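Student: I should like a close look at a single part of this structure, followed outward into its surroundings. Please treat the matter in one connected account.

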Amino acid sequence: MKTSMVHLSKGGVGKTTISVLYAWYQRRLGKRVLFVDFDMQCDSTKKISRIAADIYPEYAATTIGTILDFADPSFPAKLAEFEPGPFDLFASVEDIKFGQAEGESVMTSVHALTVSNHYDIAIFDTTPALDEQAVALFQAVGNIIMPMRPDDSSFDQISIVLQLKSIADQNRTTPLNVAGIIINGMIVFRRASGAHLTR
Ligand SMILES: Nc1ncnc2c1ncn2[C@@H]1O[C@H](COP(=O)(O)OP(=O)(O)OP(=O)(O)O)[C@@H](O)[C@H]1O
Ligand SMILES: [Mg+2]
């Protein structure tokens with residue numbers, strides 16, 4: 001079971017785009033994919049649903065429900081009833097508070113789904129903020145993928161994420177694996193602004 005978070009604490013760098021394409025590619029390879037949408041606006045859920053409906057109806061995503069639905073004491077019973085599909089969506093909602101009782105239960109829920117052999121891979125799209133969800137994921141997932149723009153601010157954020165990884169590694173049995181740093185939108189960026197890499 002492979003678990004990957006797509007994160008950079010910076011908006012608009014392509015987290016959702018890359019998460020969705022990565023998830024979709026894995027599904028096309030025949031992998032069973034759990035996609036966890038931690039974006040409060042549910043951008044990934046919308047994108048996946050649109051692709052599924054427009055292009056590949058045979059792969060239409062199944063929406064498991066919101067994390068909040070599962071973040072309650074009856075969750076194990078709900079999981080037992082749940083019939084996994086080949087491509088399932090697990091969407092976040094507002095007002096989830098990680099690190100509190102229900103937050104711990106959220107991560108337990110995700111963990112149960114990801115380790116239960118329902119899926120070959122779990123992909124987590126995150127918000128640009130270094131919120132409780134992201135911090136929890138630094139402990140919970142095996143891999144991190146960092147999309148970035150070719151600008152100084154993105155480089156600074158990569159440094160910050162790598163520092164957080166070092167801190168998280170102190171409490172992990174195996175280090176968080178940096179699976180990829182993706183410089184996204186370089187051509188678009190340079191055409192749009194004329195800016196260049198400065199370091
Ligand atoms: N390589 C690319 N080429 C052209 N457009 C792109 C590319 N990558 C992303 N975009 C566009 O840039 C916008 C931001 O991308 P996306 O939503 O994936 O970023 P994000 O990091 O998830 O943003 P947020 O931090 O708001 O969640 C979207 O409109 C997306 O379609
Ligand atoms: Mg996004």
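Tutor: A definition is needed at the outset: a crossing of two helices is right-handed if the near helix is turned clockwise from the far one by less than a right angle, and left-handed if it is turned anticlockwise. In this predicted model, the crossing of helices H1 and H2 is of the right-handed kind.

The part to examine closely is therefore this helix pair, H1 spanning residues 15-28 and H2 spanning residues 43-54. Two packed helices are described by the angle between their axes and the distance between the axes. Here the helices pack at an angle of about 45 degrees, and their axes are 10 Å apart. Because angles that are neither roughly parallel, roughly antiparallel nor roughly perpendicular count as oblique, H1 is oblique to H2. The contacts are made from H1 by Thr16, Ser19, Val20 and Trp24. On the side of H2, they involve Asp43, Ser44, Lys47, Ile48 and Ile51.

From the helix pair we may turn to the sheet. Seven strands form an open sheet in the order S3-S4-S2-S5-S1-S6-S7, and their pairing is parallel. The edges are S3 (62-66) and S7, each of which pairs on one side only. On average, and with direction ignored, neighbouring strands of this sheet are turned by 20 degrees against each other.

Within that order, S2 (residues 33-37) runs parallel to S4 (residues 87-91), and five bridges join the two. One of the pairings sets valine 33 against phenylalanine 87 in S4.

Strand S6 (residues 143-148) deserves particular attention: five of its six residues are buried, so the strand is largely enclosed by the rest of the structure. Its parallel pairing with S1 (residues 2-6) consists of three bridges, and valine 6 has isoleucine 145 of S6 as its bridge partner. Six bridges join S6 to S7 (residues 177-183), again with the strands parallel. In this pairing methionine 146 stands opposite isoleucine 181 of S7.

The connection between S6 and S7 completes the picture. Helix H7 (residues 152-169) forms a right-handed β-α-β unit together with these two strands. H7 lies across both S6 and S7, and runs at about 165 degrees to S6. Since an angle over 145 degrees counts as roughly antiparallel, H7 is roughly antiparallel to S6. S6 thus takes part in the β-α-β unit while also being joined to S1 by bridges.

How values were computed
Residues numbered from 1 in each chain as written. Chains lettered and ligands numbered in written order. Predicted model: local features only at pLDDT ≥ 70, side-chain atom pairs only at ≥ 80, totals over all residues. Buried ≥ 20, exposed ≤ 12 C-beta atoms within 10 Å, placed from the backbone. Helix = DSSP H or I, 4+ residues; strand = E, 2+ residues; numbered from the N terminus. Pairing = 2+ DSSP bridges. Right-handed = clockwise from strand over helix to strand, strands pointing away. Axes fitted to C-alpha atoms, helices over the stretch in contact; angles between N-to-C directions. Contact = placed C-beta atoms within 7 Å. Parallel < 35°, antiparallel > 145°, perpendicular 65-115°, else oblique.
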